[in-house]
Amino acid sequence: MNTAAPKKLPAPRHHESMAVRRPHAEPVDSCTLNTRDAIATLLGGLPVFRPGEVWLVGAGPGDPRHLTLEAVAALASADAVVHDALVDPRVLSLAPPEAERVFAGKRGGKPSAVQADIAARLVELARAGRRVVRLKGGDPFMFGRGGEEVETLLAHGISCRVVPGVTSGLAGLAAAGIPATMRGINQAVVLATGHGGIGQEAPDWGAIAATGLPVVLYMAMKNLPEIVAALIAGGRPAETPAAIIAAVATSVERVLVSRLDRIVPDAVEAGMEPPAIVAIGDIVALRERLAAGLLPFRLAGDDAGTSDIGAAP
């Protein structure tokens, strides 16, 4: 642990400066200027990020455009950014060049940071007088262990706040043309993690199947065969529409549409890999009539858009 005295830090940063902090100016149209003016106005009313604070910031599902204004302002003011594995490099680039970047990613089946070490590092950085952004994919409190980190910070007397983010499960469905809810089909939806498979800490898949509600699964690709079997055993019809949205909200997003009893072999054949969101339920069938009329998701200058792998007959 670094025992050197912390450097003297500047006074709390106000976010008005965000409006002019950019590379060499390029010609822009009036619409772009109006957008910048609107963003600058909103940034001026955001909270001040003070030294010694930790902000848990949701990075959203992928593309930096899904960041909230408060997330952008927090990153621009950070002295240290402790970030997950799946955070887009363009999001990290919003932090000042001199800000320390600490990798704290967790990936299933790969060497990963230990949660206790991550929490200890947050405490250490805050006590050194840094403005610390704990940057998490999606939303900090959606299957991201953000609540545990807040508990640790508060136990050590560290001031913290949570900056909500767009959760990948809902963003993935929307980008793929699949409504999470639809009048006449469902008035509720189940969001569940598939990380635990069918183990002791896993959701009760039989009970979830019995609700008949659409299910959106996070981190489920590794355990998808067991989860699918458990849902069918719990009464969910084998022909239930199902979809996998991989690389949500990125330029390489891919969508596979199938049915519950075929989603696993179809995913293998299509080479679908994590990170991915799995959707199961009648809402998936709506994609066929909605997605064709939607503008494709794409980054600026990218004409590829979302790749649609296929659909079950």
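Start at Ala-80, which stands opposite Val-132 in strand E4. Ala-80 also has a bridge partner in strand E3, and that partner is Glu-100. Keep in mind as you turn the model around that it is a predicted one.

Ala-80 belongs to strand E2, which covers residues 80-83 and is joined to E3 by 4 bridges, with the two strands running parallel. Another 4 bridges join E2 to E4, again in the parallel sense. Carry on across the sheet and you come to the pairing of E4 with E1, which is parallel too and takes 5 bridges. Trp-55 is part of that pairing: its bridge partner in E4 is Val-133.

Now zoom out to the whole sheet. What order do the strands take? Reading across, it goes E3-E2-E4-E1-E5, an open sheet of 5 strands with parallel pairing. The edges are strand E3, at residues 100-103, and strand E5, at residues 160-163, and each of these pairs on one side only. From one strand to the next, the twist averages 20 degrees.

As for the helices, H4 (residues 115-127) packs on this sheet, where it touches E1 (54-58), E2, E3 and E4 (132-136). The direction of H4 makes about 155 degrees with that of E4. Then there is helix H5, residues 146-155, which lies across E1, E4 and E5 and runs at about 175 degrees to E1.

So how covered is E4? Of its 5 residues, 5 are buried. If you look at the two faces in turn, Val-132, Arg-134 and Lys-136 are on one side, Val-133 and Leu-135 are on the other, and all of them are buried. Yes, that list includes an arginine and a lysine. Helix H2 (residues 69-77) is another mostly covered element, with 8 of its 9 residues buried. Among the buried residues of H2 are Glu-70, Val-72, Leu-75 and Ser-77, along with several alanines such as Ala-71 and Ala-73.

Go back to Trp-55 for a moment, since its side chain is worth a look. The structure holds 2 aromatic pairs. One is formed by Phe-49 and Trp-55, which are stacked at 4.2 Å centre to centre with 15 degrees between the planes. Phe-49 and Trp-55 are both buried. What lies over the face of Trp-55? That would be Arg-161, at 4.9 Å from the ring centre.

Next, follow the chain out of E4 into the loop that leads to H5, where you'll find Gly-137. Is Gly-137 buried or partly exposed? Its relative accessibility is 36%, so it counts as partly exposed. Gly-137 and Gly-58 are 79 residues apart along the chain, yet their C-alpha atoms are separated by 5.8 Å. If you leave aside neighbours within four places in sequence, the contacts of Gly-137 are Ala-59, Gly-60, Asp-84 and Val-87.

The loop between E4 and H5 also holds Arg-145. Its phi is near 60 degrees, a positive value in a residue other than glycine. Arg-145 counts as partly exposed because its relative accessible area is 40%. You'll meet a similar backbone feature at Met-219, which is not a glycine but has a positive phi of about 50 degrees. Met-219 sits in the loop between strand E7 (215-218) and helix H8 (224-233). With 44% relative accessibility, Met-219 is partly exposed.

One more backbone detail is at Pro-274 and Pro-275, which are joined by a cis peptide bond with omega of about 5 degrees. Look for Pro-275 in the loop between helix H9 (263-270) and strand E10 (276-280).

Finally, step back to the whole protein chain. How many helices and strands does it have? There are 10 helices and 11 strands. The chain has 313 residues, and 43% of them count as buried. If you take contacts between residues at least 6 apart in sequence, 71% join residues at least 24 apart. The accessible surface comes to about 16,000 Å², and carbon and sulfur atoms account for 57% of it.

Terms used: Residues numbered from 1 in each chain as written. Predicted model: local features only at pLDDT ≥ 70, side-chain atom pairs only at ≥ 80, totals over all residues. Heavy atoms only, no water. Pairing = 2+ DSSP bridges. Axes fitted to C-alpha atoms, helices over the stretch in contact; angles between N-to-C directions. Contact = heavy atoms within 4.5 Å. Phe/Tyr/Trp six-rings, centres within 6.5 Å; stacked < 30°, edge-to-face > 60°. Buried < 20%, exposed > 50% of the residue type's maximum accessible area, 1.4 Å probe, protein only. Lys NZ or Arg CZ within 6 Å of the ring centre and 35° of its normal. Areas by Shrake-Rupley, 256 points an atom, 1.4 Å probe, with all protein chains shown as cover.
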